[in-house]
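This report looks at one chain and at the surface that it shares with a partner chain. The structure comes first, and the description follows under short headings.

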Amino acid sequence: MIGGLFIYNHKGEVLISRVYRDDIGRNAVDAFRVNVIHARQQVRSPVNNIARTSFFHVKRSNIWLAAVTKQNVNAAMVFEFLYKMCDVMTAYFGKISEENIKNNFVLIYELLDEILDFGYPQNSETGALKTFITQQGIKSQHHTKEEQSQITSQVTGQIGWRREGIKYRRNELFLDVLESVNLLMSPQGQVLSAHVSGRVVMKSYLSGMPECKFGMNDKIIIDKQGKGGTTTTDEAGKSSGKQAIAIDDCTFHQCVRLSKFDTERSISFIPPDGEYELMRYRTTKDIILPFRVIPLVREVGRTKLEVKVVIKSNFKPSLLAQKIEVRIPTPLNTSGVQVICMKGKAKYKASENAIVWKIKRMAGMKESQISAEIELLPTNDKKKWARPPISMNFEVPFAPSGLKVRYLKVFEPKLNYSDHDVIKWVRYIGRSGIYETRC
Amino acid sequence: MPAVSKGDGMRGLAVFISDIRNCKSKEAEIKRINKELANIRSKFKGDKALDGYSKKKYVCKLLFIFLLGHDIDFGHMEAVNLLSSNKYTEKQIGYLFISVLVNSNSELIRLINNAIKNDLSSRNPTFMCLALHCIANVGSREMAEAFAGEIPRILVAGDTMDSVKQSAALCLLRLYKTCPDLVLMGEWTSRVVHLLNDQHMGVVTAAISLITCLSQKNPDEFKTCVSLAVSRLSRIVSSASTDLQDYTYYFVPAPWLSCKLLRLLQCYPPPEDGAVKGRLVECLETILNKAQEPPKSKKVQHSNAKNAILFEAIALIIHYDSEPNLLVRACNQLGQFLQHRETNLRYLALESMCTLASSEFSHEAVKTHIETVINALKTERDVSVRQRAADLLYAMCDRSNAKQIVAEMLSYLETADYSIREEMVLKVAILAEKYAVDYSWYVDTILNLIRIAGDYVSEEVWYRVIQIVINRDDVQGYAAKTVFEALQAPACHENMVKVGGYILGEFGNLIAGDPRSSPLVQFNLLHSKFHLCSVPTRALLLSAYIKFINLFPETKSTIQEVLRCDSQIRNSDVELQQRAVEYLKLSSIASTDVLATVLEEMPPFPERESSILAKLKKKKGPGAVSVELEDGKREGGELNGGGERGDTPAMSASNASTPSPSADLLGLRPAPAVGSAPPSVGSLLVDVFSEGPAAASAGVNDDGFLSGRDLEQPPETSDALLAEGPGDSDSAPPPAASEEPAPPLPEAEDLLNKFVCKNNGVLFENQLLQIGIKSEYRQNLGRMYLFYGNKTSVQFVSFSTAVSCPGELPTQLNLQTKTVEPLIEGGAQVQQVVNIECLTDFIDAPLLNIKFRYGGALQNITLKLPVTINKFFQPTEMVSQEFFQRWKQLSQPQQEAQKIFKSGHGIDTEVVKAKLLGLGTALLENVDPNPENFVCAGVIQTKGQQVGCLLRLEPNAQAQMYRLTLRSSKDTVSKRICDLLSEQF
C-alpha cells in the first residue's frame with residue numbers, strides 16, 4: 001500500500017507532500033531527493049529502494065511524482081495509480097507544470113485525499129470526481145441534502161462512474177482510435193521489432209443511462225460471429241478474415257462488462273460522461289509501416305562523413321501524413337555540417353548532436369531524400385562512433401494496426417432516443433512511437 | 001555576438017558559465033554544453049589559425065565543461081600549443097589544462113615534457129615555477145622519471161631564485177612520495193640539509209618538509225639536520241617578533257617553520273651533543289615561557305599560532321621523555337588549557353595529557369588535574385572531548401585514585417553517549433579489576449556496571465567477574481549476597497541473570513542460612529527471570545537448577561517439577577531439551593554422593609590475561625596496545641593483572657595440545673579436541689572456559705555442569721549419554737555414576753579379534769589411558785603382561801584392575817593376577833602379570849575391568865582379555881597321506897564345522913599364511929592336491945584333554961570367497977575356532 005506521495009520540481013524542492021502511513025518518516029522526502037533527483041549518476045530505474053523504503057517515480061516534463069512505501073506492494077498498481085493521478089490532474093488544470101501545481105495545491109491535496117485512502121487507491125474517475133471536487137468551490141445552495149446523498153450513493157454504488165439524470169439536447173459521441181507505432185529496422189530494411197500500442201478514447205455526451213456496444217475488426221470476434229452466423233458464406237468469412245486483426249492483449253475501462261467480454265467477446269458498457277479511455281490494446285502482427293527510412297552512411301577518411309537518407313511513404317496516396325521529423329544523429333566530434341534536401345527544412349542542431357529534418361506534409365506513396373556532409377575533428381580517442389539509429393516522428397490519419405471500428409450502438413430504453421439519433425464521430429490517428437532505423 | 005574585448009576578461013567564458021548556471025534542468029545544461037562543444041570544435045577545425053587569446057578562452061571552456069563532469073576528447077593539442085606561448089596567462093591555462101586533463105599514457109606526453117624542459121631551463125622564474133607546479137600536480141611516475149634528476153639541481157643551484165627553490169623543494173617532495181625509488185638524493189643530501197641555513201625563510205619552510213619526509217626514510221643520512229634545526233629554532237624563538245618581517249604572523253615569528261622544525265626533531269632521539277641539547281632545552285623553555293606571557297593580540301590567529309608551536313613543543317618533550325622538569329611544566333601548561341574556552345584547545349590538552357600520563361616523570365603531575373578532568377567528563381558539550389576525558393581518566397588511574405575514578409566513570413556511564421558506552425564499560429571493568437584492593441568492591445562495581453549499562457557489557461566482562469569470584473574464596477559469599485539482591489530488582493538485565501545464575505548455582509549455599517534468601521526463595525527468584533531470557537541464558541539457568549539440587553536437596557522436587565514440565569523437556573530448542581532431559585534423569589537416578597561429585601564446585605580458573613583487556617586492545621587498535629604495554633611496564637608487578645601476563649602463551653599452547661577429556665561423559669571414547677569443536681554456539685565461551693579447568697578436572701565434573709563446553713558440542717555429549725549405554729537408551733543409567741564395573745565396550749569384541757592371530761600389541765587406547773599386551777603360551781599355560789600407560793600429565797588415583805570370568809568360564813579357565821599400584825603418575829606406565837591356565841576348552845573371553853579417578857572423576861572401563869582357545873594350539877607336522885587319513889576319521893557331522901564367507905581384505909597368500917601360523921597351528925605344505933588351498937593341523941592342549949584339530953581353507957580368488965572347514969575331535973572346539981578364524985580373513 002502506498003505510504004506517501006510526493007511531488008517535486010526539477011530542483012528537487014517539494015511541492016506536494018502527502019503521507020498516508022506512519023511508517024514513512026519525514027526524511028523519506030529528502031532521501032528521494034538526495035538519492036534520485038540529485039544523484040551523481042542519472043537514475044534510470046523508476047523503482048528505487050533506499051533504506052528499505054521503495055520509491056516509485058514518474059516524471060512529467062520537469063515534475064517528479066514519487067510514491068513511497070515500506071511494504072511489498074504491487075509495483076504495477078502503484079504506477080497505474082501514478083498515471084491515473086497524472087490524468088486526473090491534467091483533467092483538472094491542464095498541463096502538469098510547477099506553476100500549475102503551485103496554483104492548485106489545495107485542489108491537489110483534496111484530490112489526494114479522495115483518490116487514495118490510507119494508501120489504498122480509490123475512485124480515480126475524473127468524471128465522478130468532478131461532481132464533488134470542484135475547482136470553483138462548492139456553493140451550498142446548489143448542493144442540497146438530496147444531491148449530496150445522491151453523490152454518496154453514486155460513488156459507492158454499482159455504477160460509480162456515471163450519475164443519473166444526465167440530459168443533452170444533442171446526443172453526440174466521439175470516438176478516437178489513437179495508435180503509436182514502434183519500429184526498429186536494420187539498415188538493410190529488415191524489421192527487427194515492431195509493435196503498435198493503441199488506445200480507444202471516447203467522448204460521450206449522451207442522456208440517461210445508455211447501454212453501448214462497441215464492435216471492431218478483432219479476429220476472434222469476427223471468427224466467432226462468422227461461426228455463429230448461419231448466413232455468411234465462405235467467401236465472406238475469408239474477406240472478413242483478411243481485414244480482421246489479431247490483438248495481442250487489451251485492457252478495458254472499468255465500465256466494460258468483462259464477464260460479457262469473456263463469454264461473448266462483445267464489448268458492452270454504460271459509458272461515463274465526458275472523455276475517457278475505453279480500451280487499450282497492443283498488436284504485433286501485420287502492421288502497416290507508414291514510412292520506410294533508407295540510410296546510407298559513408299565515412300570518407302578520418303575527418304569526413306557523408307550521409308544520405310531516403311524516406312518513402314507507404315500508404316494510400318489520398319492520405320496525408322503530417323508533422324514529419326527525421327532525426328539523424330551526428331558523431332560527437334562533428335565540427336561542421338552541410339545539408340541539402342529536396343523537401344522540408346533540415347538543420348544541424350549542435351545542442352542535440354543531430355541533424356533534424358522537418359517536413360510539414362507528405363502524401364502517400366512518395367519519397368524524399370536528404371544528403372549531408374559532416375566534417376569531423378580528429379580526436380585522440382580511439383573509440384569508434386557508435387552510430388545511433390535514425391529516428392522519425394510523424395502523424396498519419398489511419399490506424400497502422402489495421403483496426404477498424406465496425407459499429408458503436410447505443411441503447412437507452414428509458415428515454416426516447418434511439419441509436420440512429422446519436423451523432424457519432426470516428427477518427428483514426430497513427431503516431432510514431434519509437435520509430436528507428438539503424439544506419 | 002558582441003565584440004569580445006581583448007583583455008584578460010574572457011567575456012565569452014563568463015557568458016558561457018552564467019548560461020550554464022541559469023539552466024533549469026540537467027537536460028538544458030547538456031544541450032548548452034553540446035552546443036558549446038560543437039562551436040569549439042568548429043573553431044578548432046576552422047582553417048584560419050586561432051590567436052592565443054581565443055585558444056586560451058576555448059581551452060578554459062573545455063576545462064570548465066570537464067570539471068562539470070563531461071568527457072573531453074579534444075583540445076589537448078591546443079593546450080600544448082599554449083605552453084609555448086610567452087604570455088603568462090596563456091601558459092598558465094595551458095599548464096592548468098594539462099595537469100587536470102592529460103593522462104600519463106597520452107601520446108602528447110613527449111611534447112608536454114619537452115615544453116616543461118624548455119621552461120625549466122629558461123631563466124624566467126615564473127615559467128620555472130609554472131613548470132614545477134605542473135610536475136608536482138601531475139606527480140606521475142613518468143614525470144618523476146623525466147625530471148627527478150633535474151629538480152635537485154635546480155633546488156641547490158646557487159643562482160636559483162628563492163621562489164623557484166621553494167617550488168622545487170615541494171615538487172621534489174611530491175615526486176619522492178609517488179616514487180621514492182626514482183628520487184635519489186645521494187650527492188645532494190648535505191646541500192639539501194644546508195638549505196636549513198638559507199637566508200630566505202620560505203625556502204627553509206619548503207625544504208624542511210622535504211627533509212622531514214626524507215629523514216623518516218633514512219634517518220642516518222640526514223642526522224646532521226638535527227643541530228642545524230636546533231640552531232634555526234633557537235634563532236627563531238629568540239628573535240623579536242619584528243625581526244622576521246614577512247614571516248611574522250600576528251606577532252608570532254614564523255609559526256609554521258617552528259612547528260615543522262619541532263616535528264623534524266621528533267624524528268630523532270634527543271641530541272647527544274651537550275651544547276646542542278642545552279640549546280634545545282633552552283628553546284623549549286622559551287616556548288613554554290612565551291606561552292605564559294600575556295597575548296600580544298586579541299586575535300584568534302595569534303593564539304592559534306602560539307598554541308600550535310606550544311603543542312608541537314610539548315609533543316617533542318613527550319617524545320624525548322627525559323626532562324622531568326620540562327615534562328612537569330608541559331603538564332601544568334596543559335592543565336591551564338583544560339579549562340580554556342576553546343573546545344579545540346581542551347581537546348588537544350586532554351589528548352596530549354593522555355600521553356603525558358604514561359611518562360613516569362609526569363604521571364603524578366597529571367594526577368593533580370583529576371578534578372578538572374572529571375568535570376570535563378561531566379559538563380563538556382562536545383562528545384569527542386568527553387571521549388578524550390574518559391581516555392585520560394583511564395590513563396591516569398592508579399591504585400590511589402582508582403575508586404574515585406571508577407565511581408566517576410560509572411556515574412557518567414548513565415548519561416554517556418551510546419557510541420562510547422561499550423568502550424567505557426570495558427575500561428571500568430579493567431580498572432576495577434586491576435586496582436581492586438578489596439574484591440567486594442570489585443563485585444559491586446561490575447554488578448553496578450551491568451545494572452547501568454547492561455546492553456554494553458560484553459560477554460568477556462561477565463566471564464571475568466565469574467572467573468574472579470570463583471578464584472577468590474573471600475569474595476564468594478559476598479558476591480552471592482549482592483547478586484541475590486541485585487536480582488530482586490523487578491527488571492534486571494540478562495547479563496545480570498547470567499551472573500546471578502552462575503554465582504547462585506555455585507555459591508547459593510553461602511547465603512542460604514538467611515531465611516530471606518532460603519534455597520527456595522533463591523530458586524524462585526532465578527526462575528522468575530527464566531522466561532524472559534534468551535536460549536543460552538536459559539541453558540545456563542537449567543545448569544544452575546541442577547546445581548541447586550546438589551546444594552539444596554530440599555529443592556529437588558520443585559526443580560524436578562520445573563524440568564519435567566513440557567516447556568523444558570519438550571522444548572523446541574535441542575540444547576534446552578537435552579539439558580532438561582539429562583538433568584532430570586541425573587537428579588532422579590544418581591545418589592546424593594554421585595550428585596555431589598558430578599556437580600562439584602567449579603575448580604579455580606588458571607590465572608591469565610584478562611580477556612577484557614584483549615578486547616579493549618582489539619577495539620582500540622595497535623596504538624592502544626603499545627600504551628597498554630607501557631602502562632604495564634610502568635606499573636610493574638604492583639598490578640593485580642601484572643603477574644598474569646607472562647603465562648598466557650604457555651597456557652593457550654597447553655590448551656591447544658591437551659585434548660579435552662571431558663567431551664565424553666565417560667571418558668571412554670576418544671573425544672575430539674576442544675579446538676576442533678564446532679564454533680557454533682560458544683565461540684566466545686571457548687575463550688573463557690575452554691582452557692579453564694579442562695586440564696585439571698576430568699569428565700563429568702565440569703562437563704555435566706555449566707561451563708561452555710557442553711554448549712560447544714552438544715552432539716558429542718548427547719551421543720555419549722544416549723548411545724553408549726547398553727540396551728535401551730531409555731533406561732540408561734548415567735554410567736558415570738556407577739561404581740559397578742562398566743559393561744564391556746562395544747568394540748571389545750573387535751579388540752579381541754585383533755589378537756586371535758597375534759600375541760602382542762596395544763589392546764586399548766583413549767585420551768587418558770593406553771593398555772598394551774604381551775603374552776606367551778606353552779602347552780596349556782600362558783602368561784600375559786598388561787601395561788597400563790597414563791597418557792595425561794595428571795596422576796590417576798585409586799587405580800585398580802580386576803579380571804573376571806563370566807558364566808561358566810571359571811571352570812574352564814584359571815586366571816591369576818597380581819594387584820597393581822593404586823597410583824599412576826602422569827606419563828608413567830605400570831605392568832601387571834596375568835597367569836592363565838586352560839582347564840578345558842572354552843568360548844567366552846575373560847573380562848578386564850579398570851577403574852581409576854582422573855581429576856576427581858571416576859573412570860570405569862571394561863575390556864575383554866584376548867585369551868582365546870587357539871592360544872593353546874600345539875602345531876603338528878604331518879604328510880599328505882596322514883592328514884587325509886585323519887581328516888576321514890573325523891567325518892562325523894558334529895565334528896566338522898564349515899563356513900563360507902567373503903574375504904574382508906582381499907586374498908593375499910602371504911597374509912593368509914602369516915595369519916594361519918599366528919593361529920598356532922602348523923601350516924602343511926604339499927598336502928592338498930590343489931596348491932591354492934591351505935591345510936593346517938594342530939592339537940589344543942588343555943589340562944583335561946588334548947583336542948586334535950585339522951583345518952582346510954579353500955580360497956576362491958574369483959569370487960573373493962573362502963571356504964573354511966574344520967574338523968576336530970570335539971564339536972565345540974571346531975565351532976569356536978571356525979568362528980574365530982572366519983573373522984580374520
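## Surface and fold of chain B

Accessible areas are obtained with the Shrake-Rupley method and a 1.4 Å probe, and for residues only the protein chains shown count as cover. On that basis the accessible surface of chain B comes to about 43400 Å², with 52% of it belonging to carbon and sulfur atoms. Of the 985 residues of chain B, 53% count as buried, a term that stands for under 20% relative accessible area (1.4 Å probe, protein chains only).

## Basis of the values

This is a predicted model, in which local features need pLDDT of at least 70 and side-chain atom pairs count only at pLDDT 80 or more, while totals for chains, interfaces and linings use all residues. Side-chain values use heavy atoms, with hydrogens and water left out, residues are numbered from 1 along each chain as its sequence is written, and chains are lettered from A in the order in which they are written.

## Interface with chain A

Contact, taken as heavy atoms within 4.5 Å, links 18 residues of chain B with 22 residues of chain A. In chain B, Arg41(B), Lys45(B) and Asp73(B) lose the most area to chain A, together 40% of what that side buries, where buried area is the accessible area (1.4 Å probe) lost by two parts on being put together, summed over both.

The rule finds 1 salt bridge across this interface, a side-chain nitrogen of Lys or Arg within 4 Å of a carboxyl oxygen of Asp or Glu, and Lys31(B) and Glu352(A) form a salt bridge at 3.9 Å, N to O.

Definitions and conventions
Buried means under 20% relative accessible area, exposed over 50%, partly exposed in between (1.4 Å probe, protein chains only).
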